[in-house]
Amino acid sequence: MSADHENEAVPNVMTYFAGVEQRVQDPVDPEGGTSMADLENVWGRVTERLRHDIGDAAWRNWIKPLRVSRLQDGTLTLEAGSSLARDRVSSQYADRLRVISAAEYGIVKQVEVKLAAPTIIENRGNDSDRPAADADGYKAPHGTVSHDLTAGLDPRYTFANFVVGKPNELAFAVARRTAESERVSFNPLFLYGGVGLGKTHLMHAIAWQIWRQSPGRKVMYLSAEKFMYRFVRALRFRDTMSFKEQFRSVDVLMIDDVQFISGKESTQDEFFHTFNALVEGGRQVIVSADKSPTDLEGMEERLRSRLGWGMVADIHPADYELRLGILQAKAEQMQVRIPDKVLEFLAHRIASNVRELEGALNRIAAHAMLIGREITIESAADLLSDLLRASSRQISIDAIQNRVASHYGVRVAEMFSPRRARNIARPRQVAMFLAKNLTSLSYPEIGRQFGGRDHTTVMHAVRTIEGLVNSDHAVAEDVQLLKSLLSA
Ligand code: ADP
Ligand code: MG
């Protein structure tokens, strides 16, 4: 069998030799090896042939997880995810791999299997690491960088530290499933939700889990902002090849806050191609954003639709139970005693997002430790007066609908009804306009709350009222009055 292969291999050696020689001079690789894209390409063919030889099951277990890392001086280096896999491949398949590789690459004399180092490329924390501060040596041979994983991911952002409740249970479940399953299940996984609701926390948790479970898998986590920064830098240094290679050689690509590239066309373009290359190659892509794919304004249509192809899971604002659960968990972690009454008070009063909730708790905990006295609701209210004021200013869509309905003397039910009579349609449009102006809801979200109307209807309403405010004195006054009543 293997003798057959040797014979069969001869013409191939000749055919591929010329190509490889050319590749060796490819200026992309600083060390004169074969470029990564070519390597991967040929490696794909090598493994396909081996699959034929050894059968599907063995192939899936041992060969598919391997990574081709370089070809230099006749030595083809592969990376295995565990020492078990490395030993197994070396003892059982290396010979056959050498023969097939020699046929495919032309200049392979030896196959070497190494243990892969855990590789994570990321940006530190959420906001602290602005792109300008990026001083890493990110361009390394074959475009991979080995950062110490633990340096980049927040150690507190794990699944274990994530408090699960109704508003986030779906996102949590799919995040965990994605992290734990060996096969790519949801691709892409798209997590979205408002600010401070735990998207970054879940992203880090996925990265931690994958790293713990399969240290050989290359996980790349970074913000979309950083992705853009690197892309722009690559353009500036005419180095887009290694940029592409770096991003296309990972097993798992995680991009946080993808809305950041809204309106940035060439970055979107690059992201789109990277995205496709990875998904088509069976690699996992995980993306977070502050809106659903369809609501991402300023994003190319093809990218929006592509982002929605896999699993889309949203994180809703935390409800009272979840807020209280999070406060209890965090207070326990911090090992400070804060009376239940005070936690309940906080959970009631700070409804905006989990980050603010945490901020409030930290302030109270610090205070409790400083003064060494138990915190009361009164002292908490005092300490947090600024936060409490801000969160009571949040205006609900219910309040808007009620207020507008009573102002115009129509029933609240008309806000949701399909009727289009002018005397009802106009107040409804005003309410939509106010919803867009006074809340952070998107057009589709507003549409849903107005009896399931389409987002284009809401956009039309907003534009109509905008126009009237400038041309019709009565409408301008109504809007002004309603705004001040609602904001009081
Ligand atoms: P986002 O990325 O959605 O803006 P983050 O992931 O940065 O939000 O979350 C803000 C803060 O709230 C973080 O410190 C995070 O740990 C915490 N947090 C959010 N949701 C939860 C949760 N369900 N359980 C525990 N902590 C949470
Ligand atoms: Mg975030």
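**Buried loops, ligand shell and aromatic pairs in a predicted model**

L197 is buried, its relative accessible area being 8%; the class of buried residues lies under 20% relative accessible area, exposed residues lie over 50%, and partly exposed ones fall in between (1.4 Å probe, protein chains only). The structure is a predicted model, in which local features need pLDDT of at least 70 and side-chain atom pairs count only at pLDDT 80 or more, while totals for chains, interfaces and linings use all residues. Residues are numbered from 1 along each chain as its sequence is written, chains are lettered from A and ligands numbered from 1 in the order in which they are written, and side-chain values use heavy atoms, with hydrogens and water left out.

L197 is placed in the loop between β5 and α8; helices (H or I, at least four residues) and strands (E, at least two) are DSSP runs, numbered from the N terminus. The C-alpha atoms of L197 and N168 are 8.7 Å apart in space, although the two residues are separated by 29 residues in sequence. A second buried loop position is P188, located between α7 and β5 (189–193). P188 counts as buried because its relative accessibility is 0%. The peptide bond that leads from N187 into P188 is cis, with omega near -5 degrees. Across 124 residues of sequence, P188 and V312 are 8.2 Å apart, C-alpha to C-alpha.

The shell around ligand 1 comprises 19 residues, of which V163, G196, T200, H201 and E358 come nearest; a residue is near a molecule if one of its heavy atoms lies within 4 Å of it. By class, this shell contains seven nonpolar, eight polar and four charged residues. In this classification Ala, Val, Leu, Ile, Met, Phe, Trp, Tyr, Cys and Pro count as nonpolar, Asp, Glu, Lys and Arg as charged, and the others, Gly among them, as polar. Domain 2 (127–315) and domain 3 (320–392) each supply at least three residues to the shell around ligand 1, the domain bounds being taken from an automatic or database domain assignment.

Polar contacts to ligand 1 involve both backbone and side-chain atoms of the protein. A polar contact is a pair of N or O atoms within 3.5 Å; within protein, one must be able to donate a hydrogen and the other to accept it, and residues adjacent in sequence count only if both atoms are side-chain atoms. V163 places a backbone N or O atom 2.8 Å from a nitrogen atom of ligand 1. The side chain of T200 has an N or O atom 2.8 Å from an oxygen atom of ligand 1, and a polar side-chain atom of K330 lies 3.0 Å from a nitrogen atom of the ligand. Taken alone, ligand 1 exposes 560 Å², of which the protein buries 96%; accessible areas come from the Shrake-Rupley method with a 1.4 Å probe, and for residues only the protein chains shown count as cover. Two or more residues of the shell come from each of α8 (199–213), α13 (320–334) and α15 (354–371).

The model contains 10 aromatic pairs. Rings of Phe, Tyr and Trp (its six-membered ring) pair if their centres lie within 6.5 Å, with planes under 30 degrees apart counted as stacked, over 60 as edge-to-face and the rest as tilted. F159 and F172 form an edge-to-face pair, 5.6 Å centre to centre with 90 degrees between the planes. This pair joins the loop between α6 (149–152) and α7 (169–180), which holds F159, to helix α7, which holds F172, over 13 residues. F172 also forms a stacked pair with F162, at 5.7 Å centre to centre and 5 degrees between the planes. F162 likewise belongs to the loop between α6 and α7, 10 residues from F172. F162 counts as buried at 10% relative accessibility, and F172 at 12%. A further aromatic cluster consists of F227, F231, F243, F247, F271 and F275.

Two residues other than glycine have positive phi values. D257, in the loop between β7 (252–256) and α11 (265–280), has phi near 60 degrees and is partly exposed at 29% relative accessibility. The backbone nitrogen of D257 is reached at 2.8 Å by the side chain of S288, a residue of strand β8 (residues 284–289) that counts as buried at 0% relative accessibility. Q335 has a phi of about 55 degrees and lies in the loop between α13 and α14 (340–349). With a relative accessible area of 72%, Q335 is exposed.
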